[in-house]
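Work through the exercises below with the sequence and coordinates at hand. Each task is followed by a stepwise solution.

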Amino acid sequence: RDLSTRGALKLFVDIGGDRSIADVCQVLAAADIAAAAGGAPSPPALIVVKSKAFAAAAAKSSGQAGQIADVGEFLQAVVAPPPLGSAKQLKKKLARAQRARWERS
């Protein structure tokens, strides 16, 4: 049945758990592909995402009116991996992981 006669498409995303922003973006990309494949004449008029991490990142990138000017640029920025720490930090992290493995065995 053609839902486009019922009005504008609205999308509500709640993938559950404490997911990373990258996971949320993967769901949004999949929804975009599904909407296009389903013959949606235009992108969703409204997208609601339930994610504290995503909301915090969006708040940092939004203007005074609360809108993100360039959504594509925003999404690319939030899915980029964080910069690596120093070599000393990495060494400590690996040592903690190794110690945890030994304690579990």
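**Exercise 1.** Locate the salt bridge between Lys-50 and Asp-14 and place both residues in the chain.

Solution. The side chains of Lys-50 and Asp-14 form a salt bridge at 3.6 Å, N to O; the criterion is a side-chain nitrogen of Lys or Arg within 4 Å of a carboxyl oxygen of Asp or Glu. Lys-50 sits in the loop between strand 2 and helix 2, and Asp-14 in the loop between strand 1 (10–13) and helix 1, so the pair, 36 residues apart, links distant parts of the chain. Helices (H or I, at least four residues) and strands (E, at least two) are DSSP runs, numbered from the N terminus. The model is predicted: local features need pLDDT of at least 70, side-chain atom pairs count only at pLDDT 80 or more, and totals for chains, interfaces and linings use all residues. Residues are numbered from 1 along each chain as its sequence is written, and side-chain values use heavy atoms, with hydrogens and water left out.

**Exercise 2.** Classify Lys-50 and Leu-46 as buried, partly exposed or exposed.

Solution. Buried means under 20% relative accessible area, exposed over 50%, partly exposed in between (1.4 Å probe, protein chains only). Lys-50 has 61% relative accessibility, so Lys-50 is exposed. Leu-46 has a relative accessible area of 41% and is therefore partly exposed.

**Exercise 3.** Which element holds Leu-46?

Solution. Leu-46 belongs to strand 2 (residues 46–49).
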